[in-house]
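Work through the following exercises with the sequence and the coordinates at hand. Each task is followed by a stepwise solution.

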Amino acid sequence: MIHNFNDDISTPDKFVVTLELVPGRESSGRTIDTITGIAREAQADGRITAVSITDNPGGNPALSPDALGHEILNDGMDVIVHFTCRDTNRVGMESRALQLAHMGMKNILALTGDYSGKGFGGAGLPVFDFDSVILTSMLSSLNKRLIRAGHASIFVTGCAVSPFKYTEAEAWIQYKKLERKIEAGASFAITQLGYDIDKYEELLLYNKDKKIEVPVLASLYVLDKRSARPMHAGRIPGVHVTEKLYNKVMQEWEGAGEGMQHAIERTARLGVVLKGIGYKGIHLGGIHDSFATVGKILDRMAAIEHNWLDYLDEFREDEPNRFYLYKQAETAKSVIPGKETIKVKLTDNFHYLFLRTAHELFFDKRAALAPMYKKISNSLDKSNTSWLLKVFLEDPFKKVMLSCKSCGDCGIQHVGFLCPESGCPKHTRNGACGGSNNGFCEVNTDKLCVWVRAYRRMKKHGETDKLTREFVPPRLWELKDTSSWINFHLERDHQKPVKPPARTL
Ligand code: SF4
C-alpha cells in the first residue's frame with residue numbers, strides 16, 4: 001500500500017507511524033542496503049506512512065538524505081527529508097530546496113540542527129546563516145514562488161518541538177518558538193525524544209490553550225543498552241533519559257536475549273499511551289538492523305491499545321526540581337501552572353536596564369529625537385564619515401557591552417539585549433534551539449543558553465511577552481562591518497517593515 005504523508009496527517013482519526021532512518025559515512029554497502037531494505041519492508045507492511053532521513057546527524061558527514069530519500073521514494077515509500085541550517089548558507093539552502101522540488105521530494109523537516117561535528121581535516125564550519133524559523137519561512141516563500149510559476153504546491157514543511165525542557169525559561173521559549181514556526185509555515189510537528197508523559201501532555205495542553213491545530217507526532221526510540229548510555233550522559237542534545245530509566249535498561253539487558261523484548265514492550269506501551277492522550281502519530285527511531293522490530297512494536301500496540309490507561313503511570317518520571325507549565329491536579333482533570341523561582345544577577349539586571357534605556361532613547365523610530373538621528377545618519381553616510389562613528393563610538397561600546405561581532409545588522413533587541421551572534425553558537429534569532437540542557441547551552445555547556453538569560457532578565461521586569469513574539473528575519477550579510485546604528489536609522493537593516501513569508505528570496 002502506498003501512503004502519502006500529507007494525506008495521512010490530514011486525515012482525521014488516522015494514527016500515523018513514521019520511521020527515522022540514519023545513514024552513515026558511506027555511499028553504498030551494508031548500512032545503506034540495510035536502510036533501503038527497512039524502507040522496502042516498511043512499504044510492503046503497509047502500516048508505515050513515511051520514512052524520514054536524517055541530515056548529517058550529530059553534525060558529522062553522512063550520505064545525503066536527498067539522494068537516499070529519492071531512491072526510497074522511487075521504490076514507493078513516501079519520504080521526509082531532514083533539512084538543517086548547519087552546513088550551508090542561505091544560497092546553498094535555497095539551491096538544495098530547488099533540487100528537492102525538482103526531484104519531487106516535498107516533505108521537509110526544517111531544523112536548526114546539531115552543532116558541527118568533524119569532517120575531512122577536522123571540525124566543520126558551523127554556518128547557521130538561518131535558524132529553523134527562517135528556513136521554514138524561506139520554504140513557504142519558495143512554495144509561493146513555485147506555485148506562481150505554475151507548479152503544484154511543493155513543500156510540506158514540518159518542525160521539531162521539544163517539550164522536554166525542565167526550566168521555565170526553556171519550556172516557555174520552546175513553545176513560543178513553535179508558534180513562530182507554525183506562523184512561518186510549518187504544517188506538522190515532531191517532538192524531541194523523551195520518556196516523560198507529563199511533558200508529552202504539556203505540549204498537547206499548550207497547543208489546546210493556544211488553539212494550535214497542526215498534527216503532532218511523538219518521537220519514540222527503541223531504547224537499548226548502547227543508545228541509553230549517551231542519552232543518559234546528555235551526549236545527544238535535547239534527549240533525556242533519567243538515572244532511574246537508565247538503570248532499568250541496563251538491568252534488562254543483563255538477562256540473555258531479554259533486553260530487546262523489554263525495549264519493544266516499553267516502546268509499544270509508550271506508543272499506545274501517546275495515542276491514547278491524543279498524539280496524531282508516532283515517529284519511531286532506533287531501528288538499525290531490520291523492520292522486524294517495528295513490526296513487533298506495532299503488533300504489540302494493536303494488542304494492548306485498549307488498555308493504554310494501565311500503562312500511563314509507568315511514564316510519569318516524578319523527578320524533583322523540574323518545571324512543568326501545567327501540573328495535573330491530584331484528583332481533577334483541571335491544571336494549575338507550575339512555578340519556578342528565577343534569580344537574576346545584579347550585573348545582568350543592570351546590563352539589561354542600561355541597554356533597554358539606551359535603545360528606547362536612540363533606537364525607537366517613534367521617539368521624538370528619531371528624525372534628528374536619521375538626519376545625522378544621512379549626513380555621516382553621504383560624507384563617507386560613518387566609519388568615524390563606528391570606530392570611535394559604536395565598536396568600543398558594543399564590544400565591551402555585547403562582545404559585538406560587527407555584523408552591521410544588530411539583533412540584540414530580539415534577545416533581551418544580548419547578542420545572538422556572539423552569545424549563541426548557532427546565531428538563533430527566533431528562539432532557542434532544542435539542544436539546551438537544564439538552562440545551559442548545547443555547545444558551550446558551562447554557559448547559560450542566551451535565551452534563558454534573556455527570559456530571566458525580562459521576567460524580572462514582567463516583559464517576557466516581548467520575547468520571541470514575532471518573526472525575526474535573517475541578518476543581512478551585506479551590512480557586515482558597517483555601522484549598525486546608521487543602518488538602523490537609514491532603514492537598511494533587517495528591521496525594514498517586511499513580513500514573513502512574503503520576504504523576497
Ligand atoms: S545559546 Fe541556546 S540556542 Fe544558542 S546554541 Fe546554545 S543552547 Fe542553542
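A nonpolar core is a set of buried Ala, Val, Leu, Ile, Met, Phe, Trp, Tyr and Cys residues joined through side-chain atoms within 4.5 Å; buried means under 20% relative accessible area, with a 1.4 Å probe and protein chains only. The model is predicted: local features need pLDDT of at least 70, side-chain atom pairs count only at pLDDT 80 or more, and totals for chains, interfaces and linings use all residues. Residues are numbered from 1 along each chain as its sequence is written, and side-chain values use heavy atoms, without hydrogens and water.

**Exercise 1.** Determine which members of the largest nonpolar core touch the most other members.

Solution. Step 1: the core holds 96 residues, and Leu 19 and Leu 274 touch the most other members. Step 2: helix H10 (residues 259–277; helices are DSSP runs of H or I, at least four residues, and strands runs of E, at least two, numbered from the N terminus) supplies the largest share, 8 residues. Step 3: a second, separate core of 22 residues includes Trp 172 and Cys 424.

**Exercise 2.** Identify the residues that His 283 of strand S10 faces in S1 and S9.

Solution. Step 1: S10 (residues 281–285) has 5 of its 5 residues buried. Step 2: S1 (residues 16–21) pairs with S10 in the parallel sense over 4 bridges, where pairing requires at least two DSSP bridges. Step 3: S9 (residues 216–221) and S10 are likewise parallel, over 5 bridges. Step 4: His 283 is the bridge partner of Thr 18 and stands opposite Ser 219.

Notes: Buried < 20%, exposed > 50% of the residue type's maximum accessible area, 1.4 Å probe, protein only.
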